[in-house]
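Reader: Please take a close look at the salt bridges of this protein chain, and at how accessible the partners are. Afterwards, a wider view of other local features would be welcome.

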Amino acid sequence: MEKSKESKQEEFVVTARKWRPLRFDFVVGQEHITHTLQNAIKTNRMHHAFLFSGPRGVGKTTTARILARALNCMNLKDFEPCNECPNCTSILDGNSYDVIEIDGASNNSVDDIRLLRENSKYPPVKGKYKLYIIDEVHMLSTSAFNALLKTLEEPPPHLLFVFATTESHKVPATIISRCQRFDFRRMEIESIVKQLRFISEKEGISIDEESLITIAKKGDGSMRDSQSIFDQVIAFCGKNVNYSEMAESLHLIDEEFFFRISKAVMDKNIQEMFKISQLVMSKGYDLVETLQGLLEHFRNLLTVKVTNSTEMIESSKAMLERYSNTAARFTQADLIRMLNLISQSEQQLKYAPQPRIKFELTLVNLASAATVMNISELVAEIKSIRQNGIKIPVYKEQAQIQSVNIQEDKTFVAKEEPIKYEVIEKPKQEIVKPISQEIKTIEINKLNWANFLSEFNILYPEFNFLSSSATKFEGNKIIIEIEEVFLLNSVKSKYDLILSEATQFFGSKLNLIFEETAKKTVIKNLNNNLNHKSSSYLPRTTKELNLGAMHPVEKAIVELFGAEELID
């Protein structure tokens, strides 16, 4: 009994070797290469050297071995090796004299290549071609590459080379130019899952879809890495694999954990964030990997929000539905802001002296940040309200500057006593609904014009100066005097817009006239009168101030608070 158990253990072969493809059709995810090679065999247009480049575990060496068997197969069918003839079996067993595999990392000296050159002169023993497969060819020394150049450029008719490398940029251009280059691509998650499902069915292993997707994502586009992880999971879980046990065996953070974080963000639950941080530390999860997973989680939410589809998310069907429901509760601007925050924190966390505090601060910032609303969306909402006939009461606070310190160079100078501002609120006026009939009285005209400007300035703040411009009312005619020429030109360029908005508000077409006033403004130096409150000081309104010549601070005070300058 003991011997039989030992023999069973010795018979075990890892999945990556046991299920290595033996035909071109079985190579997963590299159809663009296998079809090309088959057509080359079919048309007898075989190049003398091939360079197979690509990530690890995607089938470079496997494809080279299949090519070697196909070229020397005695019973070639549909340009696929039979894997049963003496030539195929000897190559499969690794004892063929015609197919020689060389590890470029350990046989990288110029002497090794010289020996290869000497042996390559001899014709094949049984097959049609003598084929050298050099793995990790980029590890060869410069002298070794130079020794290979002449043979590679003018090889004997029976000689073929296949170079495999994961770092093609390290191969000299003189070598690449003498080869046909095939770039193997990273395998898609769907292709890896399909192959793992096929293997599990053949092996009698029960495994759920979520586990297969997680294994494939953990493999990072490599079939061999995914199969190695698959073996590890089977060793831990046995023949029946479920997601929770698999996550425990690989020490992974499951997607449910990230949905817990996104829920805390939606609820603005900072207390929950500290509990999550404590859980991460107690479980021993890597903080950087946790943020990377969280980054992918919110990326998935943003993808659903932007595309209104879950097609670009690699997850199980149950999780896809959760992504769709959760994304609906976030705005696009919020998701972009959170992605930027997590991305920055991920970089900073690597060099943070106290990683845990930095990690907790990131979670707290996610939960405490205010919701972002796009300005264009806000303006559109205001317009929609107006179109529905709802008037928005807006009361503009006017401020009067008691004393201003302006020097001749238009710059402020700090004083020992701070400048005091006296804010005088104007009484709020009741907004009168627009009149549908023709406006007949000047009193109604004045009241509705003020109300119109209050709402108009919300949508078009660049015309705030109209509120302080001198206005005359003559029946249905409204005359607005504007001092600055560039402001007058700006109004005239938007005359149709202003007229349309006013007509919609008043309920009838107005006769708006914009004129240039001849008043000139001189800003006086009030340094000697900072605390002077004499009634002889007269306020000068915004329309009398030359905004273009003002210091930016002065201009901001005037525009934001409707400030007035006091002059003699």
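**Salt bridges and their surroundings**

Author: R356 and E360 are four residues apart in helix α18 (residues 355–368), which means that about one helical turn separates them; helices (H or I, at least four residues) and strands (E, at least two) are DSSP runs numbered from the N terminus. The model is a predicted one, in which local features need pLDDT of at least 70 and side-chain atom pairs count only at pLDDT 80 or more, whereas totals for chains, interfaces and linings use all residues. Side-chain values use heavy atoms, with hydrogens and water left out, and residues are numbered from 1 along each chain as its sequence is written.

Across that turn, R356 forms a salt bridge with E360, and the closest N and O atoms are 3.2 Å apart; the term stands for a side-chain nitrogen of Lys or Arg within 4 Å of a carboxyl oxygen of Asp or Glu. R356 has a relative accessible area of 33% and is therefore partly exposed, whereas E360, at 16% relative accessibility, counts as buried. These words follow fixed cut-offs: buried is under 20% relative accessible area, exposed is over 50%, and partly exposed is in between (1.4 Å probe, protein chains only). The bridge in helix α18 thus joins a partly exposed arginine, R356, to a buried glutamate, E360.

Helix α17 (residues 332–349) holds D334 and R337, and because they are three residues apart, about one helical turn lies between them. Their side chains meet in a salt bridge, at 3.0 Å from N to O. Here the acidic partner, D334, is buried at 6% relative accessibility, while its arginine partner, R337, has a relative accessible area of 26% and so is partly exposed.

A search of the whole structure finds 18 salt bridges, among them one between E203 and K18, whose closest N and O atoms are 2.9 Å apart. This pair links distant parts of the chain, since E203 belongs to helix α9 (residues 189–203) and K18 to helix α2, with their positions 185 residues apart. E203 is partly exposed, because its relative accessible area is 25%, and K18 is also partly exposed, with a value of 49%. The E203–K18 bridge therefore has a partly exposed acid, E203, and a partly exposed lysine, K18.

Charged groups also sit over aromatic rings, where the criterion is that NZ of Lys or CZ of Arg lies within 6 Å of the ring centre and within 35 degrees of the ring normal. The charged end of R322 is over the ring of F259, 4.3 Å from the centre of that ring, and the charged end of R23 is over the ring of F26, at 5.7 Å from its centre.

F259 appears again in the surroundings of H297: once neighbours within four places in sequence are set aside, H297 is in contact (heavy atoms within 4.5 Å) with F258, F259, S262 and Y323. H297 lies in helix α15 (residues 287–307) and is buried, because its relative accessible area is 2%.

The loops deserve a look for their backbone angles. Most residues other than glycine have a negative phi. D220, although not a glycine, has a positive phi of about 55°, and its place is in the loop between α10 (209–218) and α11 (223–237). At 42% relative accessibility, D220 counts as partly exposed. H251, likewise not a glycine, has a positive phi of about 55°; it lies in the loop between α12 (243–250) and α13 (255–267), where its relative accessible area of 43% makes it partly exposed.

As for the setting of these features, the protein chain has 23 helices and twelve strands, and buried residues make up 42% of its 568 residues. Among the contacts in the protein chain with a separation of 6 or more, 72% are accounted for by residues 24 or more positions apart. The link between E203 in helix α9 and K18 in helix α2, 185 residues apart, is one that joins distant parts of the chain, whereas the partners in helix α17, D334 and R337, and those in helix α18, R356 and E360, are separated by about one helical turn.
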